[in-house]
Amino acid sequence: MIKVEGLNKHFGSFQALHDVSLNVEKGDIYGFIGHNGAGKSTTISILTGLARPDSGTCMVNGKDATRIVNPSDLGIGYLPEDPRFYKWMTARENLMYLYEASGKKNDKGRVDEILGWVGLKESSNRKVGGFSRGMKQRLGIGAALINDPELLFLDEPSSALDPEGRGDVLRLIKDLRDMGKTVFFSTHILNDVERICNKVGILVKGRIVKEDKLSVIQKENILPIYDIETERILDKATVADIEKMSCIKSVQILDNRIQVLTEGKNGCGRELYKYFADRDIIVTSFSLRKNDLEDIFLEEVNRK
Amino acid sequence: MTSTIKKDFKDGIRNYRFLIIFAGFMFFALLTPVMNKLILPELLKSQFPGMDEATMNSMLVNTQIENIVGYMGDIFEIGMIIVSFTFCGALAMELKEYTLILPVCSGKRYSEIILSKLLVFGIALVAVTTVSILSNYLYSGMLFGFETDGIIPIIKAGLLQGLYMVFILSVLIFLGTLIRNQIVVGLTTLLIAYFSRLIGNLLDINEFTPAGLLTEAEKLTTGSGISVYITVAIVLALTAALTGAAILRLSRTDLTRR
């Protein structure tokens with residue numbers, strides 16, 4: 001759905017994007033992660049045809065986003081970071097205006113359906129000027145979806161919202177995934193990405209430093225540490241025994257929990273399991289520690 | 001295009017743009033005859049108690065035509081300010097508030113956005129200038145007696161004034177694509193309007209400038225010399241050029257730029 005290669009963009013002498021390349025397949029929920037000012041919104045502006053890059057190719061929905069005359073030629077839905085509507089129009093009027101923008105005839109049914117889906121049916125006849133940030137954000141998602149596009153760009157859809165509003169927005173994005181839509185979703189809230197995205201691109205200072213399926217990135221970043229919880233506190237002799245195993249580097253004890261640092265990523269889980277089973281030590285929890293996305297992101301940022 | 005026209009019409013109503021220009025123009029249309037008939041003579045009497053009647057009459061506006069010409073002068077001087085500041089945000093505000101992003105992504109064409117504004121607000125301006133000058137004509141006729149050759153010259157004057165205002169609207173829209181601050185757009189437009197008329201008067205080339213429409217309107221004639229056609233053609237060409245430039249400029253503007 002999206003294939004970007006070598007995208008560069010300057011604002012005066014400042015280079016906002018450096019050779020950005022990324023790839024989004026149909027059905028992906030793509031999490032585009034980066035600090036504020038990393039270049040996420042600039043990239044989205046270019047992908048949506050609202051801004052031009054200095055160089056690079058940018059195919060969106062089979063069309064070159066750098067050459068289209070009108071952004072709507074891309075057939076996408078777009079939710080800006082701070083969606084702006086005509087404050088003097090009601091939510092319904094705003095959506096109807098956007099619906100008719102694509103040349104479709106007045107269809108109250110479609111507008112009502114969207115208003116209901118984003119939970120604004122009861123406020124549909126209120127002027128948008130009186131809406132809260134969360135309501136505007138939900139209306140923005142409705143606006144992005146009003147013409148039923150297959151590909152949606154959501155720029156920081158949950159960043160400025162309270163936890164309840166964030167939850168609402170994430171629920172709506174999950175619904176989009178279930179509808180089979182492709183979503184390109186930028187954010188600096190990594191927890192949101194872990195909850196809903198299947199693919200991730202990390203942008204640091206205008207450069208893509210990592211891009212892959214979330215599961216692959218997480219697998220690549222598994223730490224060689226086992227967190228083991230036992231029913232009773234292990235005695236010092238048992239711990240010393242474990243430390244003597246060839247694949248073990250060190251063991252730390254915290255009450256009835258131990259952290260076992262192993263030699264390699266593949267560790268020695270089988271040996272550890274066998275050791276506890278042979279000695280009738282009841283294990284209540286046994287897990288290989290994974291870096292969460294925040295650790296991975298910070299590692300990439302620090303590397304830069 | 002219909003939905004954009006409907007939206008701009010609602011904009012005119014709900015943001016009181018139509019009401020402001022109508023009230024502003026009607027205020028001058030109705031106030032000028034009253035001022036000339038009732039207030040000015042009293043003022044002169046109180047300021048110059050010993051003045052004889054003949055001298056006083058020579059200082060006063062005593063005819064319907066003088067009234068209408070006076071009203072048209074007011075419209076150029078003050079009505080222009082009303083128009084400039086009522087419509088200075090027509091496009092500049094949309095860019096400043098980023099309200100064009102969603103419509104453009106949903107399918108609105110840049111040309112549609114600009115042409116709709118020119119059409120809706122332009123028709124409103126032509127209607128208001130024509131209705132106002134007709135009101136001035138009727139009211140000053142009631143107070144001073146009717147003396148023009150029917151209402152055709154009045155309607156012609158109103159339409160010429162309206163066309164001039166449409167040109168001013170196109171300047172406001174074009175400047176709105178360059179400058180996002182609506183006050184600066186309004187002030188720049190006023191400067192262009194006043195200076196172009198001043199230069200037109202000084203160099204005696206008014207018929208080749210948009211302000212020539214106002215000069216022609218003030219003649220209150222029914223006939224149409226070749227010069228008025230030249231002026232109308234120039235104004236239409238300038239309006240079309242500014243509109244085209246605005247569309248081109250808007251299509252090359254990064255609507256998301258902060």
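In the predicted model, strand β4 (residues 55–60) of chain A is joined to β5(A) by two bridges, and the two strands run in the antiparallel sense. Within this pairing, A:Met59 lies opposite A:Asp64 of β5(A). Both strands belong to an open sheet of four strands in chain A, which follows the order β2-β1-β4-β5 with antiparallel pairing. The edges of this sheet are taken by β2 (14–24) and β5 (63–64) of chain A, each of which pairs on one side only. Helix α1 (residues 40–47) of chain A packs on the sheet, where it touches β1 (2–11), β2 and β4 of chain A, and the direction of the helix makes about 120° with that of β1(A).

A further open sheet of chain A is built from six strands, arranged in the order β6-β7-β8-β3-β9-β10, and its pairing is mixed. Because β6 (76–79) and β10 (207–213) of chain A each have a single partner strand, they stand at the edges of this sheet, and one side of each is left without a neighbour in it. From one strand to the next, the twist averages 15°. Among the pairings of this sheet, strand β3 (residues 29–33) of chain A runs parallel to strand β8 (residues 182–187) of chain A, and five bridges join the two; here A:Ile29 is placed opposite A:Val183 in β8(A). Helix α4 (residues 133–145) of chain A packs on the sheet through contacts with β6 and β7 (151–155) of chain A, and its direction makes about 165° with that of β6(A).

Another antiparallel pairing in chain A involves strand β12 (residues 248–254) and strand β13 (residues 257–262), between which six bridges are found. One of the residues concerned is A:Ile253, whose bridge partner in β13(A) is A:Ile258. The strands β12(A) and β13(A) form a hairpin with two residues between them, and in the turn A:Asp255 has a positive phi of about 55°.

Chain B, by contrast with the strands described for chain A, contains eleven helices and zero strands, so that its elements, read from the N terminus on, run α-α-α-α-α-α-α-α-α-α-α. Taken along the principal axes, the C-alpha atoms of chain B fill a box of roughly 70 × 40 × 30 Å.

The contact between the chains draws 28 residues from chain B and 27 residues from chain A. The area buried between chain B and chain A is about 2,700 Å², and carbon and sulfur atoms give 56% of this area. Five salt bridges are found across the interface of chain B and chain A. A salt bridge links the side chains of A:Arg84 and B:Glu97, with an N to O distance of 3.8 Å. For polar contacts between chain B and chain A, the count is eight residue pairs, with both residues at pLDDT 80 or more. On the side of chain B that touches chain A, at least two residues are supplied by each of α1 (2–14), α5 (89–97) and α6 (101–106) of chain B, and α1(B) gives the most, with seven residues. By residue class, this side of chain B is made up of nine nonpolar, eight polar and eleven charged residues.

Terms used:
Residues numbered from 1 in each chain as written. Chains lettered and ligands numbered in written order. Heavy atoms only, no water. Pairing = 2+ DSSP bridges. Axes fitted to C-alpha atoms, helices over the stretch in contact; angles between N-to-C directions. Contact = heavy atoms within 4.5 Å. Buried area = accessible area lost by both parts, 1.4 Å probe. Salt bridge = Lys/Arg side-chain N within 4 Å of Asp/Glu carboxyl O. Polar contact = N/O pair within 3.5 Å; in protein donor to acceptor, adjacent residues only side chain to side chain. Nonpolar A, V, L, I, M, F, W, Y, C, P; charged D, E, K, R; others polar.
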